[in-house]
Amino acid sequence: MGRSAARDAEFTAYLAARQPALLRTAYLLTGDRHQAEDVLQTSLAKLYLAWDKVRDRGAVDAYVRRIMVNENNSVWRRGWKRREHATEVLPEGSPHHDAYDEGLGDALWQVVQTLPRRARAVVVLRYYEQLTEAETAEVLGISVGTVKSQSSRALALLRERTPAELDPREEQR
(Lines give C-alpha, C1' and ligand atoms only; values in the text may rest on other atoms or scores of the structure.)
Protein backbone atom coordinates (compact mmCIF):
# COMPACT_ATOMS: atom_id res chain seq x y z
CA MET A 1 0.00 0.00 0.00
CA GLY A 2 1.48 3.31 -1.09
CA ARG A 3 1.61 6.50 0.93
CA SER A 4 -1.40 7.96 -0.89
CA ALA A 5 -3.48 4.82 -0.35
CA ALA A 6 -2.55 4.70 3.35
CA ARG A 7 -3.45 8.37 3.69
CA ASP A 8 -6.82 7.81 2.01
CA ALA A 9 -7.51 4.75 4.18
CA GLU A 10 -6.74 6.74 7.34
CA PHE A 11 -8.98 9.61 6.24
CA THR A 12 -11.78 7.18 5.28
CA ALA A 13 -11.55 5.50 8.69
CA TYR A 14 -11.81 8.90 10.37
CA LEU A 15 -14.88 9.76 8.28
CA ALA A 16 -16.57 6.45 9.07
CA ALA A 17 -16.08 7.02 12.78
CA ARG A 18 -16.79 10.75 13.07
CA GLN A 19 -19.04 11.90 10.22
CA PRO A 20 -22.38 11.46 12.07
CA ALA A 21 -21.15 13.46 15.08
CA LEU A 22 -19.69 16.14 12.81
CA LEU A 23 -22.96 16.39 10.87
CA ARG A 24 -24.76 16.88 14.19
CA THR A 25 -22.38 19.72 15.09
CA ALA A 26 -22.85 21.30 11.66
CA TYR A 27 -26.64 21.07 12.06
CA LEU A 28 -26.48 22.68 15.48
CA LEU A 29 -24.34 25.50 14.10
CA THR A 30 -26.54 26.17 11.06
CA GLY A 31 -30.01 25.15 12.22
CA ASP A 32 -30.73 23.70 8.77
CA ARG A 33 -30.12 20.11 7.63
CA HIS A 34 -29.20 21.01 4.04
CA GLN A 35 -26.94 23.88 4.98
CA ALA A 36 -25.32 21.62 7.60
CA GLU A 37 -24.57 19.03 4.93
CA ASP A 38 -23.04 21.73 2.72
CA VAL A 39 -20.93 23.14 5.55
CA LEU A 40 -19.75 19.65 6.54
CA GLN A 41 -18.95 18.64 2.97
CA THR A 42 -16.89 21.78 2.39
CA SER A 43 -15.19 21.39 5.77
CA LEU A 44 -14.30 17.76 5.10
CA ALA A 45 -12.90 18.67 1.68
CA LYS A 46 -10.70 21.29 3.35
CA LEU A 47 -9.70 18.77 6.02
CA TYR A 48 -8.75 16.24 3.34
CA LEU A 49 -6.53 18.79 1.61
CA ALA A 50 -4.81 19.55 4.93
CA TRP A 51 -4.78 15.96 6.22
CA ASP A 52 -1.00 15.60 6.03
CA LYS A 53 -0.53 18.88 7.92
CA VAL A 54 -2.55 17.70 10.94
CA ARG A 55 0.22 16.22 13.05
CA ASP A 56 -1.79 15.58 16.22
CA ARG A 57 -4.45 13.07 15.16
CA GLY A 58 -6.11 13.54 18.54
CA ALA A 59 -6.88 17.14 17.59
CA VAL A 60 -8.58 16.40 14.27
CA ASP A 61 -12.07 16.96 15.71
CA ALA A 62 -11.08 20.37 17.06
CA TYR A 63 -9.48 21.24 13.72
CA VAL A 64 -12.56 20.28 11.68
CA ARG A 65 -14.90 22.05 14.14
CA ARG A 66 -12.90 25.22 13.61
CA ILE A 67 -13.22 24.77 9.84
CA MET A 68 -17.00 24.28 10.22
CA VAL A 69 -17.41 27.41 12.35
CA ASN A 70 -15.38 29.45 9.84
CA GLU A 71 -17.28 27.99 6.90
CA ASN A 72 -20.64 28.68 8.55
CA ASN A 73 -19.60 32.26 9.25
CA SER A 74 -18.36 32.80 5.70
CA VAL A 75 -21.64 31.51 4.24
CA TRP A 76 -23.44 34.34 6.03
CA ARG A 77 -21.08 36.91 4.58
CA ARG A 78 -21.97 35.99 1.01
CA GLY A 79 -24.39 38.35 -0.69
CA TRP A 80 -26.61 35.66 -2.19
CA LYS A 81 -27.33 34.28 1.27
CA ARG A 82 -28.83 37.58 2.40
CA ARG A 83 -31.28 37.42 -0.50
CA GLU A 84 -32.64 34.02 0.52
CA HIS A 85 -35.94 33.93 2.35
CA ALA A 86 -37.29 31.38 4.79
CA THR A 87 -40.48 29.57 3.92
CA GLU A 88 -43.19 28.04 6.08
CA VAL A 89 -43.49 24.88 3.98
CA LEU A 90 -40.52 22.56 3.73
CA PRO A 91 -40.18 20.45 0.59
CA GLU A 92 -39.13 17.36 2.55
CA GLY A 93 -40.14 15.45 5.68
CA SER A 94 -39.19 16.12 9.25
CA PRO A 95 -35.78 17.44 10.36
CA HIS A 96 -33.07 15.10 11.63
CA HIS A 97 -32.87 14.63 15.41
CA ASP A 98 -30.10 12.78 17.19
CA ALA A 99 -31.15 10.11 19.66
CA TYR A 100 -29.55 11.68 22.68
CA ASP A 101 -31.67 14.78 22.59
CA GLU A 102 -33.99 14.12 25.49
CA GLY A 103 -37.35 15.22 24.24
CA LEU A 104 -37.38 18.96 24.74
CA GLY A 105 -35.68 18.86 21.39
CA ASP A 106 -37.58 20.73 18.77
CA ALA A 107 -39.26 23.30 20.99
CA LEU A 108 -36.06 24.12 22.84
CA TRP A 109 -34.05 24.12 19.62
CA GLN A 110 -36.45 26.72 18.21
CA VAL A 111 -35.50 28.97 21.13
CA VAL A 112 -31.76 28.30 20.64
CA GLN A 113 -32.10 29.30 16.97
CA THR A 114 -33.21 32.77 18.03
CA LEU A 115 -29.73 33.47 19.42
CA PRO A 116 -27.27 35.52 17.39
CA ARG A 117 -24.89 33.38 15.29
CA ARG A 118 -21.85 33.78 17.58
CA ALA A 119 -23.83 33.13 20.76
CA ARG A 120 -25.38 30.05 19.17
CA ALA A 121 -21.91 28.77 18.22
CA VAL A 122 -20.78 29.13 21.86
CA VAL A 123 -23.92 27.36 23.14
CA VAL A 124 -23.56 24.55 20.60
CA LEU A 125 -19.91 23.91 21.37
CA ARG A 126 -20.19 24.32 25.17
CA TYR A 127 -23.47 22.60 25.90
CA TYR A 128 -24.37 20.40 22.95
CA GLU A 129 -20.82 19.28 22.14
CA GLN A 130 -19.78 19.52 25.82
CA LEU A 131 -16.45 21.17 25.12
CA THR A 132 -14.64 22.98 27.93
CA GLU A 133 -14.43 26.76 27.92
CA ALA A 134 -10.81 26.52 26.76
CA GLU A 135 -11.67 24.11 23.93
CA THR A 136 -14.58 26.30 22.84
CA ALA A 137 -12.33 29.37 22.88
CA GLU A 138 -9.75 27.57 20.76
CA VAL A 139 -12.30 26.39 18.18
CA LEU A 140 -13.82 29.85 17.86
CA GLY A 141 -10.52 31.72 18.05
CA ILE A 142 -11.65 33.85 20.99
CA SER A 143 -10.56 34.21 24.61
CA VAL A 144 -11.90 32.07 27.46
CA GLY A 145 -13.34 35.26 28.98
CA THR A 146 -15.29 35.91 25.79
CA VAL A 147 -16.64 32.34 25.88
CA LYS A 148 -17.76 32.94 29.48
CA SER A 149 -19.45 36.25 28.72
CA GLN A 150 -21.08 34.94 25.51
CA SER A 151 -22.33 31.87 27.43
CA SER A 152 -23.71 34.02 30.21
CA ARG A 153 -25.53 36.35 27.80
CA ALA A 154 -26.80 33.46 25.69
CA LEU A 155 -28.13 31.58 28.73
CA ALA A 156 -29.83 34.74 29.99
CA LEU A 157 -31.51 35.18 26.60
CA LEU A 158 -32.55 31.53 26.58
CA ARG A 159 -34.05 31.82 30.06
CA GLU A 160 -35.91 34.93 28.96
CA ARG A 161 -37.19 33.40 25.71
CA THR A 162 -37.98 29.86 26.91
CA PRO A 163 -41.73 29.24 27.23
CA ALA A 164 -42.89 28.34 30.75
CA GLU A 165 -43.86 24.79 29.74
CA LEU A 166 -40.23 24.06 28.77
CA ASP A 167 -38.69 25.61 31.89
CA PRO A 168 -37.75 22.83 34.36
CA ARG A 169 -37.93 25.37 37.20
CA GLU A 170 -41.68 25.70 36.58
CA GLU A 171 -42.23 22.00 37.41
CA GLN A 172 -40.80 22.52 40.91
CA ARG A 173 -43.33 25.23 41.74
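**Group meeting talk: around helix α7**

Let's start with a single side chain: T136 reaches the backbone oxygen of T132, at a distance of 2.9 Å. Please keep in mind that we are looking at a predicted model. T136 itself is found in helix α7. Is T136 buried or exposed? Its relative accessible area is 0%, and the cut-off for buried is under 20%, so T136 is buried. Setting aside neighbours up to four places along the sequence, T136 is in contact with V122, L125, R126, L131 and V147.

Let me step back to the whole chain for a moment. The protein chain has 9 helices and 0 strands, so if you read the elements from the N terminus on, you get α-α-α-α-α-α-α-α-α. There are 173 residues, and buried ones make up 37% of them. Now look at contacts with a separation of 6 or more: residues 24 or more positions apart account for 64% of those. As for the outside, the accessible surface comes to about 10900 Å², and carbon and sulfur atoms hold 52% of that.

Back to α7, then, which covers residues 133–140. Which residues of α7 are buried? They are T136, our opening residue, together with A137, V139 and L140. Looking down the axis of α7, you find these buried residues within an arc of 165°, so they line one face of the helix. Just after α7 comes G141, which takes a positive phi of about 70°.

The next helix is α8, residues 144–161, and the axes of α7 and α8 come within 8 Å of each other. They cross at roughly 100°, and the two helices are therefore roughly perpendicular to each other. Which residues meet there? From α7 we have E133, A134, T136 and A137, and from α8 we have V144, V147 and K148. You may remember V147 from the contacts of T136.

While we are in α8, have a look at S151, which sits in that helix. With a relative accessibility of 6%, S151 counts as buried. Leaving out neighbours within four places in sequence, S151 is in contact with V122, R126 and Y127. V122 and R126 are also among the contacts of T136. And how far is S151 from E133? The two are 18 residues apart along the chain, and their C-alpha atoms are separated by 9.4 Å.

Now let's walk back to the loop between α6, residues 117–128, and α7. Two residues in this loop are worth a look. One of them is E129, which counts as buried at 16% relative accessibility. What does the side chain of E129 pair with? A polar contact of 2.7 Å joins it to the side chain of T25. Apart from residues up to four places away in sequence, E129 touches A21, R24, T25, L28, R65 and V124.

The other is Q130, also placed in the loop between α6 and α7. Q130 counts as exposed, at 58% relative accessibility. The phi of Q130 is near 60°, a positive value in a residue other than glycine.

To sum up, we have T136 buried in α7, α8 crossing α7 at roughly 100°, and a loop before α7 that holds a buried E129 and an exposed Q130. Thanks for listening, and I'm happy to go back to any of these on the screen.

Conventions
Residues are numbered from 1 along each chain as its sequence is written. This is a predicted model: local features need pLDDT of at least 70, side-chain atom pairs count only at pLDDT 80 or more; totals for chains, interfaces and linings use all residues. Side-chain values use heavy atoms; hydrogens and water are left out. Helices (H or I, at least four residues) and strands (E, at least two) are DSSP runs, numbered from the N terminus. Buried means under 20% relative accessible area, exposed over 50%, partly exposed in between (1.4 Å probe, protein chains only). A polar contact is a pair of N or O atoms within 3.5 Å; within protein, one must be able to donate a hydrogen and the other to accept it, and residues adjacent in sequence count only if both atoms are side-chain atoms. Contact means heavy atoms within 4.5 Å. Accessible areas come from the Shrake-Rupley method with a 1.4 Å probe; for residues, only the protein chains shown count as cover. The arc is that of the directions from the helix axis to the C-beta atoms. Axes are lines fitted to C-alpha atoms, for helices over the stretch in contact, and angles run from 0 to 180 degrees between N-to-C directions. Angles under 35 degrees count as roughly parallel, over 145 as roughly antiparallel, 65 to 115 as roughly perpendicular and the rest as oblique.
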